[in-house]
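Trainee: Could you take me through one part of this model up close, and then show me how the rest fits around it? I'd like the reasoning spelled out as you go.

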Amino acid sequence: MDKTISIYWFAILFIVAGAVIYMVVSFYGNPLDVREMEANILSSKFAECIAPDNLLNEKFLSSYDEQIFFDDCGINFETENSFNWKEQKQYFLKFRIFNFDSNELLSEGNFGNSNLYDFCEFQKEKEQSNLPFCLTRKFYSIDSNENKFLVEITSVISKLEKNVK
Amino acid sequence: MKWLEKRGNIIMENLVFIILNLVFFSIMILFVATKMSSPYLMEEKYSKSVALMIDASKPETLITLDFTDVIKQAKKNGVSKEAVITLAGNVISVNVAGKNGYSYSFFNDVSVKSYFDEDKLILLVQEKTAA
């Protein structure tokens, strides 16, 4: 009787050990996915650049050069040289400015690797962690003449190899 | 005297059983603890969190981070305190395991100075000056 109990007990121990090992390995074996936080910070930083103190920077209403954007906004899309990231940029930013009342598109611009934006279309209904992370934020802004605008910012961060298994 | 012998056997069996269980659970706890304090995990965790902190910082920000555990682990692996953290351009590398380390980039175009005050890492985020 005692022996039978011990056999069952050790069987349970092995099952418990297997489950613990599986959980620990699958939890710690996956890289930490920080892309959502990165995308949030990138959106906030860009929002501060496009509308400092919520007053629209009117430069963004006309055509906007990519290099001026990087210099003005203090953003740098260079990455470490791993997984061929130097050639394929890991970031993308898109902005659209609408007239708040008529919803007419007044200006738009793209910065970074525009191929990444295509993945956002696939994820409109359901987010997929094995694809680049997309984040869209909208906010209201005014210009110096108190005209009202709706600004939409989409940030996309890839960096899949270091954030997703 | 037979009953006394039988009682002795029962105590012995239970004792062995309890010891085996304790050994088993100790091994489990040790396994989890080893995985949690893995130097590779530490490298990834610290490089990503420092990169995120720099991203979220405005110029003239001073960040102080407690690196006691990291330095202790790095010393175990033969890495000096000065070699634990490296900043090259907008890429931060943390080396704890004594191999290549873990690098992660930040997009905030700022100049960052890093140094240690005892076991605390000090990061000074400053505006990039034109060269």
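**A close look at helix α2 of chain B**

Mentor: Let's start with a quick length check on helix α2 of chain B, residues 39–55: at 1.5 Å a residue its 17 residues should span 24 Å, and the end C-alpha atoms are indeed 24 Å apart, so the two figures agree. Bear in mind that we're looking at a predicted model.

Now, which residues of that helix are buried? They are B:Pro39, B:Glu43, B:Tyr46, B:Ser47, B:Lys48, B:Val50, B:Ala51, B:Ile54 and B:Asp55. As for what they pack against, the partners come from both chains: α2 (35–50) of chain A on one hand, and α3 (68–76), β3 (91–94), β4 (102–105), β5 (110–117) and β6 (120–127) of chain B on the other.

That cross-chain packing leads us to the interface. There, 24 residues of chain B are in contact with 25 residues of chain A. On the chain B side, α1 (2–36), α2 and β4 each supply at least two residues. The largest share, seven residues, comes from α1(B). Sort that side of chain B by class and you get 12 nonpolar, five polar and seven charged residues.

Step back to chain B as a whole, and the assignment divides it into domain 1 (1–36) and domain 2 (39–127). Their C-alpha centres lie 45 Å apart. Two of the strands that α2(B) packs against, β5 and β6 of chain B, are joined by a loop that holds B:Glu118. Have a look at its backbone: phi of B:Glu118 is near 55 degrees, which is positive in a residue other than glycine. Most residues other than glycine have a negative phi. B:Glu118 is also exposed, because just 9 other C-beta atoms lie within 10 Å and the cut-off for exposed is 12 or fewer.

Over to chain A. Its assignment gives domain 1 (1–30) and domain 2 (33–163), with C-alpha centres 48 Å apart. On confidence, chain A averages a pLDDT of 89, and 96% of its residues score at least 70. The lowest mean in chain A, 81, belongs to helix α3 (residues 66–73), while strand β4 (residues 148–157) has the highest, at 96.

That β4 strand is a good place to linger. Strand β3 (residues 133–142) of chain A pairs with β4(A) in the antiparallel sense over 10 bridges, and A:Leu135 stands opposite A:Ser155 in β4(A). The hairpin has five residues between the strands, and A:Glu146 takes a positive phi there, near 65 degrees.

Also in β4 of chain A is A:Ile157. A:Ile157 counts as buried because 24 other C-beta atoms lie within 10 Å, against a threshold of 20 or more. Leaving out residues up to four places away in sequence, A:Ile157 touches A:Arg35, A:Glu38, A:Ala39, A:Gln90, A:Tyr91, A:Pro132 and A:Phe133. For a sense of distance, A:Ile157 and A:Gly74 are 83 residues apart in sequence and 17 Å apart in space, C-alpha to C-alpha.

Finally, the loop between β4 and α5 (160–163) of chain A contains A:Lys159. A:Lys159 has a positive phi of about 40 degrees although it is not a glycine. Buried or exposed, then, is A:Lys159? It counts as buried, because it has 22 C-beta neighbours inside 10 Å. So set the two loop residues side by side: A:Lys159 is buried, whereas B:Glu118 is exposed.

Methods. Residues are numbered from 1 along each chain as its sequence is written. Chains are lettered from A and ligands numbered from 1 in the order in which they are written. This is a predicted model: local features need pLDDT of at least 70, side-chain atom pairs count only at pLDDT 80 or more; totals for chains, interfaces and linings use all residues. pLDDT is the predictor's confidence in each residue, from 0 to 100. Helices (H or I, at least four residues) and strands (E, at least two) are DSSP runs, numbered from the N terminus. Domain bounds come from an automatic or database domain assignment. The expected span of a helix is 1.5 Å times one less than its number of residues. Two residues are in contact if their C-beta atoms, placed from the backbone, lie within 7 Å. Two strands pair if DSSP finds at least two bridges between them. Ala, Val, Leu, Ile, Met, Phe, Trp, Tyr, Cys and Pro count as nonpolar, Asp, Glu, Lys and Arg as charged, and the others, Gly among them, as polar.
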